[in-house]
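Visitor: I'm new to this. Could you show me how to read the inside of a protein?

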Amino acid sequence: MFRGFTAPLSGRTEREGPSPTSPWSFIRTETGSAAVLLAATLVALAWVNIWPHGYDSAWATRMSVQVGGHGVDMDLREWVNSGLMTLFFLVVGLEARREFDMGELRDRRRIPLPMLAGISGMVVPVLLYLALNAGHPSAHGWGAAMSTDTAFALGMLALLGSRFPRRLHTFILTVAVVDDLVALVVIAVAYSDHISWTPLAVGLGALLLVGVARAFGLRRSAVYAVLGVTAWVAFVHSGVDPVVVGLMVGLMAYAYPAPRDALERASGLFRSFREQPTAELEREARQGIASALSPNDRLQRIWHPWSSYVIVPLFALANAGIQLNGSVLANAFTSRVTLGILLAYGVGKPLAIVSSSALATRLSGGRMRPPVGWGAVLGGGTIAGIGFTVSLLIATLAFHGPQLEQAKIGVLSAVVLAMVDTTLVALVIERLPKARRAKALLGTAQSVVDLTDPVDPDCDHVRGPMDAPVTIVEYGDFECPYCGQAESVVRELLADFGDVRYVWRHLPLTDVHPHAEMAAEAAEAAAAQGRFWAMRDLLFENQDALTVKDLVRHAEEIGLDVDAFREALRGRKGAARVARDVESADGSGVAGTPTFFVNGRRHHGAYDIESLSRAVIAARDRALLVDDDV
């Protein structure tokens, strides 16, 4: 096979490509929402200190929803805390399910470490809080000192930019998911009112029906909405905090890549609508497109922005209001409640996450270790000291009067402390020598591999050095305009990095590109004569000329034996090879083009030169660290 390289082309694709279910898409949303959340907190503090009566009376407004003499009557703050926050925990459940089905936790061997870190990151802070509050009435508020705010912590961590690797976000996300699951159990068991068993049974029955409907593949949103509302109302009347309903529904929403056959069916329905634009075909096309996406994907697309930009900021606005003056602050910072929360989050969280991860690594002989370096784990531990949303939620259930104010001051102070500590960790790591800094951030753990069919130099089309530390695999389609845009980026990338191996695999999207499969077979016919890369490059330069006549002209241009080329096309001699690539794409969950894998890890996000270069640099550093460790 030809492994040289031609002169680089300039340019980049403008297409933005992060999947709505990818971890980086989730984190990017949290980055913006952290700023909105911070603004809402400042507004709440200003409101309550400028007009305290107006703040209290606004959130004490009663609102009742009655149907046939039955319903729910709560004040506005309760509607936010128990109603809207149910949707927040729905998003938490969706993200937990996505991690379990498609993220780091799909490798079940990776579950114990974040689970241990998450549980330890709750137990140790609680013990520290109780050490200061044991024997006092404030001990009942131990639940306010344990839970990390997923949205706020990840948002603030993302604001630190490139100082920490992206995998730290994913690691802390999985730790926080475990954290949230345990916190919801704590709320349901320790901070719920007297339980009424009949409505609880009704609520559990409604959730069971949701699970049954999911198992049978029912996609009627109205059915799930009715069952979800029924379960929520029942839990309200049972005395168990109804936010549990959101988490349970989210955990039952399966996540999976869009299957290629479903996408092909959606394309067919859209073509039918294009030929006959009727209302009935429009509805069928919409339903076909929606059915190609997983329930998790569709629900996250709907509710994640609402949760991040509306619900959580509203929660902050309703609960973060504290009247601040010298005496209040003096009382708070000498109270067991405030100091206990600060100790729990400022010391307990990082101590628990780092020590439990280190213990697990040591006891497993290195088989179980964090996906990042120990410096990054420490930074993740300090940022986990942000316990805003769930902590305030539990504080409102556990405390009243001055103690509630002290708890809120402790929670807000812990946010500031966590940001300062994390920034200091980042600055210290930046001052380390390059090799030590890379190890502190990236670590030596093996990556989860998304590419199910490993690269085989004897069969795959490979460009670049065989012993390169980084391998990029692209699944592409010669007629796909996005692949054409990405081609110049790939060439620039290979020109910039001399230690990258590039692999091309075919994925002709025959339902939308009628000439793609024949073009792929033409490339294989050229490969039979040792000219695969010359033909591939020419096909991308002439994406609008892929008919059989055009392909023969291309074969003449690169000096092929045209008769042998014609015979190979006529006999479809390259079809088996193309089909093998398509089968490997299906096995790796690839449904669209271009799709890139960097050292077996699927690249999420845009495929411009900056994004792919960052992915290559991170993969190369990690590969070299793993080799040195071995």
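**Gaps and cores**

Guide: Sure, and keep in mind that this is a predicted model. The structure has two cavities of 30 Å³ or more.

Visitor: What is the volume of the second largest cavity?

Guide: That second largest cavity comes to about 30 Å³.

Visitor: Which residues line the second largest cavity?

Guide: To read a lining, list the residues around the gap. Here they are T148, I172, V175, A176, D179, K349, I353 and A384. Next, sort them by class: five are nonpolar, one is polar and two are charged.

Visitor: Which helix gives the most to that lining?

Guide: That's α6, with four residues. Both α6 (166-190) and α14 (336-363) supply at least two residues each.

Visitor: OK, now the cores. What's the general idea?

Guide: In soluble globular proteins, nonpolar side chains tend to be buried together. In this structure, the largest nonpolar core has 101 residues, and F89, F164, I386 and F388 touch the most other members. Helix α17 (residues 402-430) is the top contributor to this core, giving 12 residues.

Visitor: Which residues does F388 touch?

Guide: Leaving out residues up to four places away in sequence, F388 touches L37, T41, D149, F152, A316, A320, V411, L412 and V415.

Visitor: How many residues are in the other core, the one that lies apart from the largest?

Guide: That separate core has 56 residues, including V470, W504, L509 and V562. Try finding those four in the 3D view.

Technical notes:
Residues are numbered from 1 along each chain as its sequence is written. This is a predicted model: local features need pLDDT of at least 70, side-chain atom pairs count only at pLDDT 80 or more; totals for chains, interfaces and linings use all residues. Side-chain values use heavy atoms; hydrogens and water are left out. A nonpolar core is a set of buried Ala, Val, Leu, Ile, Met, Phe, Trp, Tyr and Cys residues joined through side-chain atoms within 4.5 Å. Buried means under 20% relative accessible area, exposed over 50%, partly exposed in between (1.4 Å probe, protein chains only). Contact means heavy atoms within 4.5 Å. On a 1 Å grid over the protein atoms alone, a cavity is a set of points where a 1.4 Å probe fits but cannot get out, and a pocket is an open set with protein on both sides within 12 Å along at least five of seven lines; lining residues have an atom within 4 Å of a point. Grid points are joined across faces, edges and corners, and a volume is the space filled by probe spheres set on the points. Ala, Val, Leu, Ile, Met, Phe, Trp, Tyr, Cys and Pro count as nonpolar, Asp, Glu, Lys and Arg as charged, and the others, Gly among them, as polar.
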